[in-house]
Amino acid sequence: MVYIVCLDITKMLRPIAQTMIVRHQATAAAVTMNNILHETLDSIREAGTFKSERIITTKQAAKIQVAGSNRKILNFCANNYLGLSSHPEVIEAAKLALDKYGAGLSSVRFICGTQDIHKELEEKISKFHGREDTILYASCFDANAGIFESLMTPDDAVISDELNHASIIDGIRLCKAQRHRYKHLNLSDLERLLQETQSARMRLIVTDSVFSMDGDIAPLAEIAALAERYDSLIFIDECHATGFLGRTGRGAEEHLGIGQPCDIINSTLGKALGGAAGGYTSGPKPLIDMLRQKSRPYLFSNSLPPPVVASASKVFDIIMADNSLIAKLAANTKRFRSKMTAAGFTLTGKDHPISPVMLKEASLASKFADEMLKRDIYVIGFSFPVVPKGLARIRVQLSAQHTEEEVDQCVDAFTEVGKQLGVV
Ligand code: PLP
């Protein structure tokens, strides 16, 4: 036993010695930590959930190249829904901002980190969503981390869909309100919790408007009816909706044709809206005023860099002037979903560019994705714990940048691999 421990330490000393220039000998604490980390990593590998990163050597786009290959690969797994991440006008706007406003602010917003372009973008987003005001964050993860703790006290109740995004779950963990979870999309469970929390000062129903693993859309009309009956506020995370869902890209409310019943919108600039980075909360002015005073990721984290602000701002200009990319994405989504269903595949969700192809077995999903790459189609298999056990899938994401031929190429590759692996 002692012998084995000694061997492990010798093995550990090498990488530590290489990285620690100041200390010549690893401390016992560092060795302990490294041992623990190796055990953790081994268990992730054994569980088959270790995530490795494929290296892209080109811009983000429908056609990319990856390290070690000169082949052009069709990318069907980015959140680049409108294909604007590398749009020439978006890049140009970022370059101009870099020249005029610099690389970054070296400050948080309230000290000396607010430029005119930050205020302009916040106004543009408010106008886009038809809300009173907007506050920018470095990411939507931060927006979700900041809002619940700032708004909800122990006198209040948060009622959250059990499959909400990890950043919402973490954000709610930070707040001291009564916390309740309802079964995914289950309106009677939600109603039960609304009834149980009637004595709270405020109730906040919290849901992703689009759930990214299934491409399913929250029943916001029914949720709004319950909110009205039981006097609750509604928060939606629109990361997989803003810019492209609905005829003019206003999101799930527009897609469902229900007006604007949601009180608070959180969303990201890191997906359809240029894909650089950034997130925001849009809603009533007093809420945004309060977040500027109290939200910790806003108060204690650096301002969004000017090129990022400018690229997102240009994307809003593009989509507010013209709906053609939104229409193209909807057409691509319809084409892919109907051709895949006709080919015998089962897809979840409806009318959303997130089009998960259900394969059930984790090993089948990863083998399937490997076979697709051999055919120059880049898709990713998702399995437990990211999705429930036995519900492994390949999550295809359409983009407005894909041509009809590329969508068909993807369907043909799916059909060929599906036949080879006995799926269809
Ligand atoms: N909310 C949802 C539903 C998301 O899918 C994501 C990103 O994966 C986030 C929040 C976080 O967004 P960001 O990348 O801007 O931090």
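In this predicted model, residues 1-14 have pLDDT under 50 throughout. For this stretch the model has six contacts beyond four places in sequence. Where pLDDT is low, the predicted coordinates should not be read in detail. For the protein chain as a whole, the mean pLDDT is 94, and 94% of the residues reach 70 or more.

The protein chain contains 16 helices and 15 strands. Along the principal axes, the C-alpha trace spans about 65 × 55 × 55 Å. The radius of gyration is 23 Å, which agrees with the value near 22 Å for a compact globule of 424 residues. Of the 424 residues, 50% are buried. Among contacts with a separation of 6 or more, 69% are between residues 24 or more positions apart.

The accessible surface of the protein chain comes to about 20,400 Å², and carbon and sulfur atoms account for 55% of this area. The chain carries 48 positive and 49 negative side chains. The centres of these two sets of charges lie 4 Å apart.

Several features of the backbone were examined at the level of single residues. The peptide bond between F384 and P385 is cis, with an omega of about 10°. P385 is placed in the loop that runs between β14 (380-382) and β15 (392-397).

Two residues with positive phi, S106 and D231, are not glycines. For S106 the angle is about 50°, and the residue lies in the loop between α3 (88-101) and α4 (109-112). S106 has a relative accessible area of 73%, over the 50% cut-off, and is therefore exposed. For D231 phi is about 55°. This residue lies in the loop that connects α9 (220-229) with β9 (233-237). D231 also counts as exposed, because its relative accessibility is 55%.

Helix α9, which precedes the loop of D231, also holds E222. The relative accessible area of E222 is 40%, so this residue is partly exposed. E222 is separated from C140 by 82 residues in sequence, and the C-alpha atoms of the two residues are 26 Å apart in space.

Two further residues, H129 and S160, are buried. H129 belongs to helix α5, which covers residues 116-129. The relative accessible area of H129 is 2%; the residue is therefore buried, the cut-off being under 20%. When neighbours within four places in sequence are left aside, H129 is in contact with T242, R250, Q260, I265, Y280 and S282.

S160 is part of strand β4, formed by residues 157-161. With a relative accessibility of 5%, S160 counts as buried. Beyond residues up to four places away in sequence, S160 touches I168, I172, H180, R181, Y182 and V206.

Conventions
Residues are numbered from 1 along each chain as its sequence is written. This is a predicted model: local features need pLDDT of at least 70, side-chain atom pairs count only at pLDDT 80 or more; totals for chains, interfaces and linings use all residues. Side-chain values use heavy atoms; hydrogens and water are left out. pLDDT is the predictor's confidence in each residue, from 0 to 100. Contact means heavy atoms within 4.5 Å. Helices (H or I, at least four residues) and strands (E, at least two) are DSSP runs, numbered from the N terminus. The radius of gyration is taken over C-alpha atoms; the globule rule is 2.2 Å times the number of residues to the power 0.38. Buried means under 20% relative accessible area, exposed over 50%, partly exposed in between (1.4 Å probe, protein chains only). Accessible areas come from the Shrake-Rupley method with a 1.4 Å probe; for residues, only the protein chains shown count as cover. Lys and Arg count as positive and Asp and Glu as negative; His and the chain ends are not counted. The place of a charge is taken as NZ of Lys, CZ of Arg, CG of Asp or CD of Glu.
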